[in-house]
Amino acid sequence: MTKYVCDLCGYEYDPANGDPDSGIAAGTPFEKLPADWVCPLCGAGKGDFSPVK
């Protein structure tokens with residue numbers, strides 16, 4: 001699964017870890033995150049994330 005990085009603050013979403021503080025289970029791909037999910041560090045929306053190359 002592809003990791004994604006926040007273009008604004010550099011937070012990296014790793015699907016292997018999920019986002020437990022936001023109720024996102026480990027193994028959840030970025031594409032399956034809820035539309036209203038935001039960066040836990042800066043509050044940026046999913047549109048402000050890019051795949052890690």
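Buried here means under 20% relative accessible area, and that cut-off comes up more than once in the legends below. Keep in mind that the model is predicted.

**Figure 1. The whole protein chain, a small set of strands with zero helices.** Going along the sequence, you meet the pattern β-β-β. The secondary structure comes to three strands and no helix at all. The radius of gyration is 10 Å, close to the 10 Å that the globule rule gives for 53 residues, so the chain is as compact as a globular protein of that length. If you want a feel for the dimensions, the C-alpha trace spans about 25 × 25 × 15 Å along its principal axes.

**Figure 2. Close-up of the open sheet, with strand order E2-E1-E3.** Three strands make up this sheet, and their pairing is antiparallel. E2 (12-13) and E3 (49-51) stand at the edges with a single partner strand each, so one side of each is left without a neighbour in the sheet.

**Figure 3. Zooming in on the E1 and E2 pairing.** Strand E1 covers residues 4-6, and two bridges join it to E2. These two strands run antiparallel. Which residue in E2 is the bridge partner of Val5? That would be Glu12.

**Figure 4. Ala44 and its surroundings, in the loop between E2 and E3.** Is Ala44 buried or exposed? Its relative accessible area is 5%, and the cut-off for buried is under 20%, so Ala44 is buried. Leaving aside neighbours within four places in sequence, Ala44 is in contact with Cys6, Leu8, Trp37, Val38, Cys39 and Phe49. Take Leu8 from that list: 36 residues separate Leu8 from Ala44 in sequence, yet their C-alpha atoms are 7.3 Å apart in space. Two other contacts of Ala44 tie this view back to the sheet, namely Cys6 and Phe49: strand E1 takes in residues 4-6, and strand E3 runs over 49-51.

**Figure 5. Surface, interior and charges of the protein chain.** Of the 53 residues, 30% count as buried. The chain exposes about 3,300 Å², and carbon and sulfur atoms supply 51% of that area. How much of the contact network joins residues far along the sequence? Among contacts between residues at least 6 apart in sequence, 45% join residues at least 24 apart. As for charges, there are 4 positive and 8 negative ones, and their mean positions are 8 Å apart.

Definitions and conventions. Residues numbered from 1 in each chain as written. Predicted model: local features only at pLDDT ≥ 70, side-chain atom pairs only at ≥ 80, totals over all residues. Heavy atoms only, no water. Pairing = 2+ DSSP bridges. Helix = DSSP H or I, 4+ residues; strand = E, 2+ residues; numbered from the N terminus. Rg over C-alpha atoms; globule rule 2.2 N^0.38 Å. Buried < 20%, exposed > 50% of the residue type's maximum accessible area, 1.4 Å probe, protein only. Contact = heavy atoms within 4.5 Å. Areas by Shrake-Rupley, 256 points an atom, 1.4 Å probe, with all protein chains shown as cover. Lys, Arg positive; Asp, Glu negative; His and termini not counted. Charge placed at Lys NZ, Arg CZ, Asp CG, Glu CD.
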